[in-house]
Structures are given as C-alpha cells and as structure tokens.
Amino acid sequence: MADKIQMTTPLVEMDGDEMTRIIWKMIKDILITPYVDLKTDYYDLGLVHRNETNDQVTVDSAEATKKYGVAVKCATITPNAQRMTEYDLKEMWKSPNGTIRAILDGTVFRAPIIVKGITPLLPTWTKPITIARHAYGDVYKNTEMQVEQGSKCELVCTDKDGKETRSLIYDFKDSSGVIQGLHNKDNSIRSFAKACFNFALDTKQDLWFATKDTISKKYDHRFKDIFAEIYENEYKAKFEAAGIEYFYTLIDDAVARVVRSNGGYIWACKNYDGDVMSDMVATAFGSLGMMTSVLVSPDGVYEYEAAHGTVTRHYYKHLKGEETSTNSVATIFAWSGALKKRGELDGNKALSEYAEKLEKATVQTIEEGVMTGDLYVLSHLENKKKVNT
C-alpha cells in the first residue's frame, strides 16, 4: 500500500445513532482509513452520551466546528416520549441539528445525488435541485395559544423606552380558536442571504428565492427586501462575472416553475417552506438515502451530513443478527464532502482528489447495477443486483 494521504487540519467528527452509527464505522474502516491518515476531533453525539453529558457534547461539537471550519455528522435521534423510556433519558433532549444550526447560524443546503438507472418522478429533472433552508425562527420558534370565545387578541410591542404599539390580531367574539406569534431577526435573514449567494457562487448555480410577500406585506416582504439589498450591493457584479443569475418570485409561482424545470439551481426557502420542499424534492428524485446535506455559516464554516434519519427499523433487524440492506450513499457523501472541503481549505490537493474519486466510485458502483434495496426497487437497469449494507 502506498503512503497514506496526510491531513494538516483535523475534521470535527460527530458520531450518531442506530444503523447510521454502524454504517459510519464501516465507511471509516473500509473506505477512508486504509487511504487517509485520518485526523478528527471526535464527539460522540449518540443519544446515550448526549444524555450522560446533559447534551453539552452537542454544544462542544458545534464550538469545535467554529474552530476548525469543517465537520462531518452522522444521523442522530431526536427523542420523543417512546425514546425517553427506551433510553432512560433525564429529559427530552432537543434535536442536535437544531442546536448546531443555532450555534453556527447556518443555512442548510440539500441536494440529491443523481445516478443513471433511476428516473425522478418528474422525468424532466435531469439536474439536481438544491434546497437552501433558512434554519431560524418562524413556526420553529413560535409562541402559540388556544383562545376562548369572547377573547380579543393583540400583538403588543414595547420599545426600549417603554412605549407600546398594539395591533389587533382577531376579536374572537363568535368562536374559540388558536393564535401564534412568529418572529425572525434581520441579522439571521442577512446570514441566510449571504450563505445562499456564496453557495451559488461556490457551485456556479443560479439562485431562486421565493416568499409570499403579496400576502405577508411586512414579514415575508422583509426577507425579499434584505435579499434584494444584499444582492444589489454585494453580489450583483460577482454573479454577472460568474454567468449566473439571482431570481425572486412568489412561492406558488416558484413551485409551478420548479415542477416544469430541468433542475440545476439552488432554491432558497424560508424555514417551513424549506422543511416541506426538501422532502418533496428528495422523494421526487427517488430516495432520501441519496440526499446530501451541508450546513454553511455566513463566515464560511461547513458541516456535512446525510439528509435522512438513523434507520431505526434496520437497526433492530441488525441487532437480531438479520441481514439489512441500508443505503450508505448519503453518509459516504457526507464524509467525501467534508474531506473535499478540508482539502480545498488547506490546499491539500491529494485529499480533495481522493474525496472526488470516492464519490465517482460510489456512483459508478450503482450505475454498474450494485445497489441496496431502496434503489433496487427504483432502478430500471437490466443487470441490477440487490446487496446488503
């Protein structure tokens, strides 16, 4: 074996849960450490260890990512009531992804890996569609109430001098109901816009952005205005030089255009829209096991992961000693993406080239007919063969 590829700066490595944790170790043992002298700053984000550290390990891993600039993350469990009992948890710990996103102030970019033999449900989609999801505020940080009939609900804002401004939401004279208060922050919207513009320049793709500013004349309009202002002042000339365009439209028009398009662009969405649309796009392209995800902060910190969960059902089969056929592609691409970026930032050409080759080999394997069960049912290749994990 030739000398291993050296690394100058470590990757932040965030280990995870269940079946993806099993795959994580296999990827390192089979595909990485024989070729790369792997240096990582390791954090165990498995639910057991998060519980032992009162979730401090998640915060530490995000802080390390700020320090080193590139991280790779395995899928993790976000606990529900059933997990509380199963893992004997001290409390229902928050989503690690949510915690990391908040600390890095990042935007999540999700893109499908396209392979021959699997036609998207929309056959015109010949190029990937990358969803950029704003990861702050909206319904994910809302305050909501159930309201009794006869109540009057107002938005109240008290300024720094104690002066109040009030605006009626609704007078519930005729019925009980529900209300919710949403917020966002200009600095978070600015970070989102810059991350999107930078990512478009990085990947040489057009950027689309859509909200519902005709209905939401202050909230959604604020997003539209901030994007427009940053584009005009900081990115217009760069976009023109790169031969790419920035395009704003209403969310319903964007959906219609996306469905009719060939793909090949970045679609920036507010938090909730991005949550919904990324699953729609992933499903239409074929498999969540083929979706990459990278969190990019405005100051150029990158965290790579697969866009799917911990594949619990397969994990229980695995524990019983039964054979599984779990798709490892998105997790392999999380590693290759992180190693490629690390190589690029360090001027380590050998590392970046290795990561490119790993991706090509993965795609080639599937295109030659060797694939896991989820892809086997989708593929129209003649010589396809279903293999185990």
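The legends below accompany an overview and several close-up views of a predicted model.

**Figure 1. The whole protein chain, a fold of 13 helices and 16 strands.**
Let us start with the full chain before zooming in. Its C-alpha trace spans about 75 × 55 × 45 Å along the principal axes. How does the radius of gyration of the protein chain compare with that of a compact globule of 389 residues? The chain has 23 Å, and a compact globule with this number of residues would be near 21 Å, so the two agree. Of the 389 residues, 48% count as buried. Contacts between residues at least 6 apart in sequence join residues at least 24 apart in 75% of cases.

**Figure 2. The surface and the charges of the protein chain.**
About 19300 Å² of the protein chain is exposed, and carbon and sulfur atoms supply 52% of that area. The chain carries 49 positive and 56 negative charges. How far apart are the mean positions of these two sets of charges? The separation is 2 Å. For salt bridges, a search of the whole structure finds 26, and the next views show some of them.

**Figure 3. R21 and D44, a salt bridge between a helix and a strand.**
The closest N and O atoms of R21 and D44 are 2.8 Å apart. Why does this pair tie together separate parts of the chain? R21 belongs to helix α1 (residues 18-32) and D44 to strand β2 (residues 40-44), so the salt bridge links parts that are 23 residues apart in sequence. The two partners also fall into separate accessibility classes: R21 counts as partly exposed because its relative accessibility is 29%, while D44 counts as buried because its value is 18%, under the 20% cut-off.

**Figure 4. K39 and D37, a salt bridge with both partners partly exposed.**
Here the side chains of K39 and D37 meet, with an N to O distance of 4.0 Å. If you are wondering about the cut-off, a salt bridge needs the nitrogen within 4 Å of the carboxyl oxygen. The relative accessibility is 33% for K39 and 30% for D37. Both residues therefore count as partly exposed.

**Figure 5. K341 and E344, a salt bridge within helix α11.**
The closest N and O atoms of K341 and E344 are 3.0 Å apart. How is this pair placed in helix α11 (residues 329-346)? K341 and E344 are 3 residues apart, which means that about one helical turn separates them. Is K341 buried or exposed? K341 counts as buried, because its relative accessibility is 6%. Elsewhere, salt bridges that share partners join E18, R83 and E86 into one network.

**Figure 6. E18, a buried network member with a positive phi.**
E18, which belongs to the network with R83 and E86, lies in helix α1. Its relative accessible area is 4%, so E18 is buried. The backbone deserves a second look here: phi of E18 is positive, at about 55°, although E18 is not a glycine. Most residues other than glycine have a negative phi.

**Figure 7. V311, a loop residue with a positive phi.**
Where does V311 sit along the chain? V311 is in the loop between β14 (302-306) and α10 (312-319). Its phi is near 50°, again a positive value in a residue other than glycine. With a relative accessible area of 25%, V311 is partly exposed.

**Figure 8. M291 and T292, two residues of strand β13 and their contacts.**
M291 lies in strand β13, and so does T292 (the strand covers residues 291-296). M291 is buried, with a relative accessible area of 1%. Leaving out residues up to four places away in sequence, M291 touches R110, A111, P112, S278, A282, A306, A307 and A330. Under the same rule, T292 touches F109, R110, A111, I113, E305, A307 and F333. Two C-alpha distances complete the view. T292 and T331 are 39 residues apart along the chain, with their C-alpha atoms separated by 7.9 Å. M291 and F333 are 42 residues apart along the chain, and their C-alpha atoms are separated by 8.9 Å.

Notes
Residues numbered from 1 in each chain as written. Predicted model: local features only at pLDDT ≥ 70, side-chain atom pairs only at ≥ 80, totals over all residues. Heavy atoms only, no water. Helix = DSSP H or I, 4+ residues; strand = E, 2+ residues; numbered from the N terminus. Buried < 20%, exposed > 50% of the residue type's maximum accessible area, 1.4 Å probe, protein only. Rg over C-alpha atoms; globule rule 2.2 N^0.38 Å. Contact = heavy atoms within 4.5 Å. Areas by Shrake-Rupley, 256 points an atom, 1.4 Å probe, with all protein chains shown as cover. Lys, Arg positive; Asp, Glu negative; His and termini not counted. Charge placed at Lys NZ, Arg CZ, Asp CG, Glu CD.
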